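Open the model in your viewer and keep the sequence panel in sight. The stops below can be taken in order.

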Amino acid sequence: MSKLAAIHQRNQAIMGERNGKAIPLTYGDLKEEHKAVRHNILMTDYSHFGIASVSGESAYELLNLVVAGDVSAIRDEQAMYSVILDDEGHIVTDLYILCDDERFILISEWVNGEAMCTLLRNALEGKEEELAEIQDILSLDDELGILHFEGPYCWELLAELYGMDVVGLPFQEHMHIDDSLLLRSGKHGEFSYKLIAPRDELADAWLQAQDAGEKYDLRLGGLDYQRLVRLENPCWEPALLPQGNHCPIELQMQWAIRYDKEDFVGINALRERLEHGVSQRAVGLLILGQPAIKPQPCDGVFFNDEKVGWVINGGYSEESDAWFGRLMLNSEYAYADIPYFHIQTASGSVPMNTAATPFIRNFSFLVNPTEHSYIDSTRPKHLLEQLEWKKQKEQEEKERKAAEESAEAQASPTE
């Protein structure tokens with residue numbers, strides 16, 4: 001058992017297994033973990049992420065044969081989010097690709113490092129002369145792990161731990177911290193950072209962040225918090241979909257595809273699908289309040305009396321007081337903000353609207369690292385408090401001027 005896993009067990013975290021790694025599923029209170037993501041900081045163990053690297057002058061060319069994004073667009077210390085497709089144009093996994101000096105690092109939550117290496121080696125087969133400058137294709141699963149920091153104030157904690165360069169770190173870029181990398185990137189809309197570090201250093205980094213994070217009301221969490229945050233901010237989640245529905249066009253993930261690349265795995269199938277059109281597309285589901293009858297995955301969606309799709313997933317957000325989810329609808333109905341739909345469940349019919357995603361406005365949009373602070377009482381915590389302070393100062397200034405004018409009037413001689 002690793003030192004970090006021992007810490008989790010000592011703290012009575014409920015453990016599970018992902019990609020062959022033991023990690024926490026929850027630290028016991030999912031509501032509080034969700035609240036920390038949206039308002040403070042949540043720290044989670046992401047050691048289940050697969051990690052691989054490819055190095056050599058031909059590395060970006062090899063990656064461009066495998067991933068749907070254009071790897072040549074990123075430079076040293078930059079990163080990109082992309083997907084890997086199979087020959088039928090279905091998503092195998094999503095991943096982040098980091099350009100790190102002489103190599104590229106790949107991280108994915110859905111497949112392990114060796115699986116990513118196999119995909120790269122398969123693409124290299126038969127092209128060894130064309131891509132002669134490949135040095136290594138390595139799984140780093142046994143060497144590196146990841147801690148994840150997420151929430152409106154995680155930048156402030158990490159700046160305290162690793163220096164003020166964290167504050168200026170742009171989205172989809174990373175910085176070096178000794179033998180570790182800190183990547184700013186996430187899927188849930190809040191400030192989000194991944195510390196990619198040697199496995200034997202993860203436990204110390206966890207304890208250090210836990211201790212420093214107390215004043216930020218940091219909470220420890222496991223992966224189960226993702227169920228709710230990914231209802232609010234949907235992202236690639238293969239467990240929710242049957243294999244036949246992994247098409248990025250149907251899932252409205254075309255933004256992750258670069259169609260102007262010459263060739264990569266799955267592009268021909270996608271181009272053919274685009275030419276002929278797809279019959280269904282994903283769209284958001286919104287029901288205000290908590291419905292008495294709760295829709296279930298695969299329940300039919302109807303427009304008048306015609307079945308036009310099915311429920312992918314759904315759930316209630318207490319903070320937003322709404323039932324969010326995703327539907328797969330016939331393409332001619334797959335538009336946001338349309339009422340008149342209903343879901344036919346085993347217990348009855350539920351009226352609903354289609355909706356755009358994400359469903360919430362993330363609190364991090366109200367936090368500016370150059371102006372706000374969670375712990376510095378001389379600075380407002382967020383934009384709303386900043387506006388309130390400004391309003392209060394204006395009122396105080398108005399009262400001060402009125403008092404001065406009153407004093408002057410009383411001091412003036414009367415005629």
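How far is the sulfur of Cys 298 from the closest cysteine sulfur, and in which residue is that sulfur? Select Cys 298 and Cys 247: the closest cysteine sulfur to that of Cys 298 is in Cys 247, at 18 Å, which is too far for a bond. Keep in mind that this is a predicted model.

**Cysteines**

The structure holds 0 disulfides. Cys 247 is in no disulfide, and the nearest cysteine sulfur to its own, that of Cys 235, is 18 Å away. A disulfide here requires the two sulfur atoms to be within 2.5 Å. Now color by accessibility. Cys 247 is buried, with a relative accessible area of 1%, whereas Cys 298 counts as exposed, at 60%.

**The whole chain**

Zoom out. The C-alpha trace spans about 105 × 60 × 45 Å along its principal axes. In cartoon view there are 9 helices and 19 strands. Of the 415 residues, 54% count as buried. Among contacts with a separation of 6 or more, 68% are between residues 24 or more positions apart.

**Helix α8**

Select residues 267-276, which form helix α8. Show side chains for Ile 267, Ala 269, Leu 270 and Arg 273, the buried residues of this helix. Look down the axis of α8: these buried residues fall within an arc of 160°, so they line one face of the helix. An α-helix has 3.6 residues a turn, so residues three or four places apart point the same way. On the other side of α8, Asn 268, Glu 275 and His 276 are exposed. To see part of what covers the buried residues of α8, add strand β5, residues 79-85. Then step just past the end of the helix to Gly 277, where phi is positive, about 85°.

**Strand β19 and the loop after it**

Go to residues 348-355, strand β19, and pick Val 350 within this strand. Is Val 350 buried or exposed? Its relative accessible area is 4%, so Val 350 is buried. Leaving aside residues up to four places away in sequence, Val 350 touches Ile 287, Pro 291, Ile 293, Phe 341, His 342, Ile 343 and Thr 345. Measure next from Val 350 to Val 301: the C-alpha atoms are 9.4 Å apart, with the two positions 49 residues apart in sequence numbering.

Continue to Pro 358, which sits in the loop between β19 and α9, the latter being residues 383-411. The peptide bond joining Thr 357 and Pro 358 is cis, with omega about 0°.

**The largest pocket**

Keep Pro 358 selected and add Lys 187, Pro 234, Cys 235 and Trp 255. These five lie nearest the centre of the largest pocket, out of 32 residues that line it. The pocket has a volume of about 610 Å³. Its lining divides into 17 nonpolar, 11 polar and 4 charged residues. Which strand gives the most to this lining? Strand β14, residues 280-288, does, with 3 residues.

**The cavity**

Switch to a cavity display. Rolling a probe the size of a water molecule over the atoms shows where empty space is left. A search of the whole structure finds 1 cavity of 30 Å³ or more, and about 50 Å³ of space lies in the largest cavity. Select its lining: Tyr 46, Phe 49, Tyr 96, Glu 109, His 148, Gly 186, Lys 187, His 188, Lys 194 and Arg 230. By class, these are 3 nonpolar, 3 polar and 4 charged. Lys 187 is listed both here and among the residues nearest the centre of the largest pocket.

**Two backbone angles**

Most residues other than glycine have a negative phi, and most peptide bonds are trans. The last two stops have a positive phi. Select Asp 101, where phi is near 60°. Asp 101 is in the loop between β6 (91-100) and β7 (103-108) and counts as exposed, at 55% relative accessibility. Then select Gln 252, where phi is also near 60°. Gln 252 lies in the loop between α7 (226-232) and α8. Is Gln 252 buried, exposed or partly exposed? With a relative accessible area of 36%, Gln 252 is partly exposed.

Terms used
Residues are numbered from 1 along each chain as its sequence is written. This is a predicted model: local features need pLDDT of at least 70, side-chain atom pairs count only at pLDDT 80 or more; totals for chains, interfaces and linings use all residues. Side-chain values use heavy atoms; hydrogens and water are left out. Helices (H or I, at least four residues) and strands (E, at least two) are DSSP runs, numbered from the N terminus. Buried means under 20% relative accessible area, exposed over 50%, partly exposed in between (1.4 Å probe, protein chains only). Contact means heavy atoms within 4.5 Å. The arc is that of the directions from the helix axis to the C-beta atoms. On a 1 Å grid over the protein atoms alone, a cavity is a set of points where a 1.4 Å probe fits but cannot get out, and a pocket is an open set with protein on both sides within 12 Å along at least five of seven lines; lining residues have an atom within 4 Å of a point. Grid points are joined across faces, edges and corners, and a volume is the space filled by probe spheres set on the points. Ala, Val, Leu, Ile, Met, Phe, Trp, Tyr, Cys and Pro count as nonpolar, Asp, Glu, Lys and Arg as charged, and the others, Gly among them, as polar.
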